Amino acid sequence: MPISEDVIVVGGGIAGSVAALSAAETGVSVRLISHKKSTLRHASGLIDVLGYTADGSGPLADPYEALDSLPEGHPYRVVGSDAVREGLALFDQIAGDEYLGGHTDTNALVPTHGGAVKPTARYPRAAAGGIASDDRDMLLVGFESMTDFEASLAADHLDAAGVPFDVTGVTVEFPKTFRADAKVTRFAKALDTDEDVGSRGTREALAAAVEPHLDGAERVGFPSLLGDDHRHEVRDDLESYLGAEVFEVPMGPPSLPGLRLEDLLFDALDEAGVGMSTGNKAVGYETDGDALSAVVVDRQGREIPYHADAFVLATGGLVGKGIGSSREGVREPLFDCHVPHPEDRYDWFVDDAFGDHPFAAFGVAPDDRLRPQDADGDAEFANLFAAGGVVGGADVAAEKSASGVSLATGVVAGREAGESA
């Protein structure tokens, strides 16, 4: 029996998930196809809309005020500010009370594990105690077995950044000993289940190791490993033992906040009745006239067509391999969509490592319905819509806008696909 839905979304990150949910809201049947595990496990879990302008000005207090300054062709200029707000509203609906920041248009400044402060629109509740505009003194805590968070160095960087509070850092031993390459999930599990470490649990033992270093600090930041299923309970217990607010500092990959965000999105997809096909790669497509009729998926060596009336492409940018490059040029590899780029490869980048590199904004150029366009400006397919990092025109890493672009384009692409199915 052939597989058939009204809408098929290819890609399982924020953009793909939001596009699938947006399409489902139009009343159609939706299936999401993803190959590998989503890149969310490498993400901070923060929801950035716009932290800096295209020319590097910032950090921005109000991202909406800067939207009109972005260049023509930027995804935000294509979908408009209403779509940005709509994407955030859908995210707030998905995240519930797990995320904060929805009470204002103003960015919050959240400390990073390197000691910088990052402008972001939404942040996990677990990170709320670390907001940099808060003037309460702060202690950062690292662990001897985790070399990717140097608490004293992060504290020095925050102090140099001019934060309005005293901040110090200390490195302690985690109460349980794990193997050298233990994952953050192992640390989280020990706190989640409050594993016994002699005469007391892991949470109490950790607080006892930290308490001598408090020195009047009213809040204490740990790397993002304070439990998973019972993360609120872990923080509550640590706060009770320490007499100070406890928060998590967003970390690099593998990221527990990113994994928690993935769980929120997948729970929402389940609730919306979106079908999921994971672990198999989309390798081709079929057409009917000027429209797509199917995406072909490689399932254990068999090529299976997934038919639909409309499709959303949400496979990511260069990093996620949703955009491919070679000596011959830059293309979108699944549907072979056109990607505008200089013919000379030496014009893809600039000499300054931190300069304005053209390759950072490579992606498909969509029309006002987010349909990828060919070199002549015509829609590649009448029923294909694009969302997220595969859409070009924005250097999302420099702007700190990746999540916002995914939300805004995801909600529009999904709705367009649903209404055209």
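Which residue of β5 is the bridge partner of L109? In this predicted model, that partner is P119. The bridge belongs to the pairing of β4, residues 108-111, with β5, residues 117-120. These two strands run antiparallel and are joined by 4 bridges. Together they form a hairpin in which 5 residues separate one strand from the other. Within the turn, G115 adopts a positive phi of about 95°.

A second arrangement of strands is parallel. Here 4 strands make up an open sheet, in the order β8-β7-β9-β10. Its edges are occupied by β8 (167-172) and β10, each of which pairs on one side only. From one strand to the next, the twist averages 25°. Inside this order, β7 (residues 138-143) pairs with β9 (residues 219-223) in the parallel sense, over 3 bridges. One of the residues concerned is L140, for which the bridge partner in β9 is G221. Helix α7, spanning residues 231-242, packs on the sheet and touches both β9 and β10. The direction of α7 makes about 130° with that of β10. In a regular strand, side chains alternate between the two faces of the sheet.

Helix α1, comprising residues 14-24, is largely enclosed by the rest of the structure, because 11 of its 11 residues are buried. The buried residues include I14, V18 and L21, together with the glycine G16 and the serines S17 and S22. Alanines are also among them, namely A15, A19, A20, A23 and A24. The cover over these buried residues is contributed by both strands and helices. Among the strands that take part are β1 (3-10), β2 and β14, while the helices include α3 (81-95), α8 and α10 (402-420).

Attention may next be given to the backbone in loops. A cis peptide bond joins G58 and P59, with omega at about 5°. P59 is placed in the loop between β2 (30-34) and α2 (75-79). The peptide bond from P253 to P254 is likewise cis, and its omega is near -10°. P254 lies in the loop that runs between β10 (245-249) and α8 (256-272).

Positive phi values also occur in residues other than glycine. For D194, phi is near 50°. This residue, D194, is located in the loop between α5 (184-192) and α6 (202-210). With a relative accessible area of 28%, D194 is classed as partly exposed. For K321, phi is near 65°, and the residue sits in the loop between β14 (302-313) and β15 (324-326). K321 is exposed, its relative accessible area being 63%.

The loop between β14 and β15 also holds L318. L318 is partly exposed, with a relative accessible area of 31%. On the surface, L318 joins Y346, F349 and F359 in a nonpolar patch. Together, the four residues L318, Y346, F349 and F359 present about 400 Å² of accessible area. The loop between β14 and β15 thus contains both L318, a member of this patch, and K321, with its positive phi.

Technical notes. Residues are numbered from 1 along each chain as its sequence is written. This is a predicted model: local features need pLDDT of at least 70, side-chain atom pairs count only at pLDDT 80 or more; totals for chains, interfaces and linings use all residues. Side-chain values use heavy atoms; hydrogens and water are left out. Buried means under 20% relative accessible area, exposed over 50%, partly exposed in between (1.4 Å probe, protein chains only). Patches are made of residues with over 30% relative accessible area and no salt bridge: like charges are joined within 9 Å, nonpolar side chains (Val, Leu, Ile, Met, Phe, Trp, Tyr) within 5 Å. Accessible areas come from the Shrake-Rupley method with a 1.4 Å probe; for residues, only the protein chains shown count as cover. A salt bridge is a side-chain nitrogen of Lys or Arg within 4 Å of a carboxyl oxygen of Asp or Glu. Two strands pair if DSSP finds at least two bridges between them. Axes are lines fitted to C-alpha atoms, for helices over the stretch in contact, and angles run from 0 to 180 degrees between N-to-C directions. Contact means heavy atoms within 4.5 Å.
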